[in-house]
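Hello,

Here is the structure I promised to pass on to you. Please open it beside this email and follow along as you read.

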Amino acid sequence: LDNYKEIKSSKIKNFITGRGCPYACSYCFNAGFRKIYFGQNYVRKRSVGNVIKEIKGVKDKYGIEIAILEDDTININKKWLLEFCKKFKALGIKFICIGIRADLVDENMVRSLKNSHCIGIVFGIESGNETVRREILNRYMSDKQLITCAKLFRKYRINYTTENILGIPTTSLEEDLDTLKLNVICKPMYSNAHIMQPYPSTSIFEFAVKKGLYKKHNFDDLNDFFIESKMQIENKYERENLQRLFSLAVHVPLINSHIRLLIRLPLRFFYDIIFNIYKVYIGVNWMPTKRSLQEYLSLFRRY
């Protein structure tokens, strides 16, 4: 990575403390991987000491200010996470956790994260409709659990981002708007909305093919999940526009109250610009660190 100037000079570095996830979300690769490696120890975690040693080594070499932990489900082992928090604090830097499972969160965990200089977390809502989460996405958690998770992080003043999926097979625009409504209740710093891509060998891919919403042999046309849906879904144009306006609609009541009208308008190019500028703005505030003008320009080019 030292060959890449922007990565080498960045004061923010990414780390992985474990591999695998025991859950079977229909859009994710983990369930398929577990079948391939059946009988092996699929979910495995590095020791806390090993992870701390790596982060310290990178900090000493590069002078980083923020560590990003990118595990699939970092709070799968509560005991491990509490021990990590206790030892990380001594490093004198901040960290962000990507891959927090909302239904495993409790107040003691959030308090420990705060005390160890955690400044941000990411958890998945995915759909604002409990039936869709349970029956299509295989995510068995309630609205109440998601809202409680958000309230705990808000109580301890830890910024949080939510992950959401629009254009889920067999769902409607109304269910995407349910997702928007639940995000408004949860009040995240940023609501990351993706457009469903039925990747091969996932359960959602088989589901979409079975329902006649996607042709099994043309998966090479799958696109970036911030761009468009390749499935036959209702109100496709409106739902793709909703993806661009989603996070702003969560925070700006004027946009939220007129969202049905706005997503019908032929303003895709304008919405794309708004989406990308807002994403950079949030990214800068999400990871607060001193940056040079060159680093700011790099961020704009990247996003």
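Lys61 is exposed, with a relative accessible area of 58%. The model is a predicted one, so please keep that in mind as you look around. Lys61 forms a salt bridge with Asp2, and the closest N and O atoms of the two are 3.5 Å apart. This pair links distant parts of the chain: Asp2 belongs to the segment before helix H1 (5-9), while Lys61 sits in helix H3 (residues 48-62), 59 residues away. Asp2 itself is partly exposed, at 35% relative accessible area.

That salt bridge belongs to a set, as the structure holds 15 salt bridges. Another one joins the side chains of Lys87 and Glu83, with 3.1 Å from N to O. Why can these two meet? They are 4 residues apart in helix H4 (residues 78-88), so about one helical turn separates them. Both ends are partly exposed: Lys87 has a relative accessibility of 41%, and Glu83 has 34%.

A third salt bridge connects Asp272 and Arg244, at 2.7 Å from N to O. Here again distant parts of the chain are linked, with Asp272 in helix H13 and Arg244 in helix H10, 28 residues apart. Is Arg244 buried or exposed? With 5% relative accessibility, Arg244 counts as buried, because the cut-off for buried is under 20%. Its partner Asp272 is partly exposed, at 25%.

Arg244 also takes us to the cavity. The count comes to 1 cavity of 30 Å³ or more, and the largest cavity holds about 50 Å³ of space. Among the residues that line it are Arg244, Tyr190, Phe246 and Tyr278. Strand S8, helix H10 (236-251) and helix H13 (268-286) each supply at least two residues of this lining, and H10 gives the most, with 5 residues. By type, the lining divides into 6 nonpolar, 3 polar and 1 charged.

Strand S8 is also part of a sheet. This open sheet has 6 strands in the order S1-S4-S5-S6-S7-S8, with parallel pairing. Its edge strands are S1 (12-15) and S8 (190-195), each of which pairs on one side only. From one strand to the next, the twist averages 20°. At the S1 end, 4 bridges join S1 to strand S4 (residues 66-69), and the two run parallel. If you would like one pair to look for, try Ile12, whose bridge partner in S4 is Ile66.

Happy exploring, and do write back with your questions!

Best wishes

Terms used: Residues numbered from 1 in each chain as written. Predicted model: local features only at pLDDT ≥ 70, side-chain atom pairs only at ≥ 80, totals over all residues. Heavy atoms only, no water. Pairing = 2+ DSSP bridges. Axes fitted to C-alpha atoms, helices over the stretch in contact; angles between N-to-C directions. 1 Å grid on protein atoms, 1.4 Å probe; cavity = no way out; pocket = protein on both sides within 12 Å on 5 of 7 lines; lining within 4 Å. Points joined across faces, edges and corners; volume = space filled by probe spheres on them. Nonpolar A, V, L, I, M, F, W, Y, C, P; charged D, E, K, R; others polar. Salt bridge = Lys/Arg side-chain N within 4 Å of Asp/Glu carboxyl O. Buried < 20%, exposed > 50% of the residue type's maximum accessible area, 1.4 Å probe, protein only.
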